[in-house]
There are 2 protein chains.
Amino acid sequence: MENFIPEALFSMLERRDELSVAERKALESLSWRLRSYGDGDEIIPERSEPTESCLLVEGLAARSRQLANGNRQLTAVHVPGDFVDLHGLLLKVMDHAVMALAPCRMAFAPHSEVRRIAAEFPHLGRLLFMTVAIDAAIQRNWIACMGRMDPLRHIAYLVCEVYCRLDVVGQVKDRAFDFPVTQSEVADLVGLSIVHTNRTIQELRASGHVTWQGNQVIVHDWDGLARLADFDPTYLNLVRRPR
Amino acid sequence: MENFIPEALFSMLERRDELSVAERKALESLSWRLRSYGDGDEIIPERSEPTESCLLVEGLAARSRQLANGNRQLTAVHVPGDFVDLHGLLLKVMDHAVMALAPCRMAFAPHSEVRRIAAEFPHLGRLLFMTVAIDAAIQRNWIACMGRMDPLRHIAYLVCEVYCRLDVVGQVKDRAFDFPVTQSEVADLVGLSIVHTNRTIQELRASGHVTWQGNQVIVHDWDGLARLADFDPTYLNLVRRPR
DNA sequence: CGCTAGGTTGAGGTACGTCAAGCTAAGTGG
DNA sequence: CCACTTAGCTTGACGTACCTCAACCTAGCG
């Protein structure tokens, strides 16, 4: 629409495989519609049936599941470059909501057009669906973290993951990144109470591997942090390979 | 190869959308290779780079993640009809292992052929990748269960989910299904200790909603069980829709 | 200056995990 | 056919990691 160029998406995909000029042009040619959201805004409601896919351009978003007992669980974090709603394209009905964890800019493109370029450029289509598979891989690791890791390692793991994913799109500067997420939201990410989340973050700070105050996270000792969290970035597929 | 017809896959896909004759033929035409596995066998090792996708034909399988602290977390259950290793096709390197929860028969087809039919029949390709998106949706719900549900509801949810998924491929008879999984494996599925898993299963039995002895699970009161688990099958996409 | 959202701390209870033992049923070798 | 083993299930005792409740503190904002 407004000649939008999805740079972050290019970074995200090109980190995994080469994009041809035609493929880039195809992505650019979608009739993108840009929209902004405030902190906490609902971007895609649960049970809705989106007709557009959305790409996170700026900010931070999350997938959120509201349970009958009133609890909330966040099941994914999304960073710029993430094609957040390919799931909706394939699944039709949203089984969860997508919300802004921080002020966000999103770019929307009609499902019909995404389907068209995926069919016309099968390799590009595979790359787009690869992002869905990466989301799934991330979620598998979250399951492992929730089931079999203690809170300290779990939160350390979260920091490692967000660090890597933000790094792909150039949002890590001097081993530091912006993480405008409240401790209450972190609690809903890791499935702990707010109080225990707070204490665990303090414990993580005390470990000396990171500084985490306000929205700023600084990783002083990547290797130590990764060792603590048993973090192996293989699942993020940060390798350029023909796909 | 041996004129194999992936009936369970047809059921799985046709439950979600119509398959044309050409699409069915395309799936049949893959050079399937059949293999059997015993209980507990490793089907796809962690860190391997499969060149074939595999389809579960008979039995029960799981995705397994081994942690450095020696713990194991199972991150997914697979039932007949599940195209287990499309993830491998898109991701190249396995970030987890696939193992047999029970004696299994698997059908393997070369990635190159799967890629070819996905490109040649874009609608079929979307359906195949839809199964990846459904896996992701299932995992999101597992995350919610692990983070924000008590063990009783979590295990009840597991029963609901397996029930629905087995039903799609005709493996539920008279509200009962075969579930040849040890309590130790259930523990690794839900992220609890064996002892607590045992006590929770007893509690579930005592609730009267299910009989669960040996490998046999009988659901006496589906509505009650679903209410207990706050189970809403939307995420399984059990609706026929053009995709 | 007061209000609010977010962060922090303390106290007390409980739902989990761990350890250890005993039980049952199926399989194995004599 | 019976000892013996083994895998899986069950139970009890005990400790602790986590949750809940309730304050209080701080910074930002009207």
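**Figure 1. Close-up of A:R205 and the backbone of DNA strand C in a predicted model.** An N or O atom in the side chain of A:R205 is placed 3.4 Å from a phosphate oxygen of DNA strand C. As the model is predicted, the distances given in this and the following legends are computed from its atoms.

**Figure 2. Close-up of A:R199 and B:S193 at DNA strand C.** Residues from two chains are shown in this view. From chain A, a polar side-chain atom of A:R199 lies 2.4 Å from a base nitrogen of the strand. From chain B, a polar side-chain atom of B:S193 is found 2.8 Å from a phosphate oxygen of DNA strand C.

**Figure 3. The protein surface near DNA strand C.** There are 13 residues around this strand, and those that come nearest are A:Q183, A:N198, A:R199, A:Q202 and B:S193. Of the atoms of DNA strand C that come within 4 Å of the protein, 64% are accounted for by sugar and phosphate. At least two residues of this surface are supplied by each of two helices, α8 (194-206) of chain A and α8 (194-206) of chain B. The largest share, five residues, is that of α8(A). Sorted by class, the surface near DNA strand C holds seven polar, four nonpolar and two charged residues.

**Figure 4. Close-up of B:R199, B:N198 and B:Q202 at DNA strand D.** The side chain of B:R199 has an N or O atom 2.4 Å from a base nitrogen of DNA strand D. The other two residues are shown beside the backbone of the strand. A polar side-chain atom of B:N198 lies 2.6 Å from a phosphate oxygen of DNA strand D, and for B:Q202 the corresponding distance to a phosphate oxygen of that strand is 2.4 Å. Two or more residues of the surface near DNA strand D are given by α8 of chain A and by α8 of chain B.

**Figure 5. The protein surface near DNA strand D.** Around this strand there are 13 residues, of which A:S193, B:Q183, B:N198, B:R199 and B:Q202 come nearest. Sugar or phosphate contributes 63% of the atoms of DNA strand D within 4 Å of the protein, and the bases contribute the rest. The element that gives the most to this surface is α8(B), with five residues. By class, the residues near DNA strand D comprise seven polar, four nonpolar and two charged.

Key:
Residues are numbered from 1 along each chain as its sequence is written. Chains are lettered from A and ligands numbered from 1 in the order in which they are written. This is a predicted model: local features need pLDDT of at least 70, side-chain atom pairs count only at pLDDT 80 or more; totals for chains, interfaces and linings use all residues. Side-chain values use heavy atoms; hydrogens and water are left out. A residue is near a molecule or strand if one of its heavy atoms lies within 4 Å of it. A polar contact is a pair of N or O atoms within 3.5 Å; within protein, one must be able to donate a hydrogen and the other to accept it, and residues adjacent in sequence count only if both atoms are side-chain atoms. Helices (H or I, at least four residues) and strands (E, at least two) are DSSP runs, numbered from the N terminus. Ala, Val, Leu, Ile, Met, Phe, Trp, Tyr, Cys and Pro count as nonpolar, Asp, Glu, Lys and Arg as charged, and the others, Gly among them, as polar.
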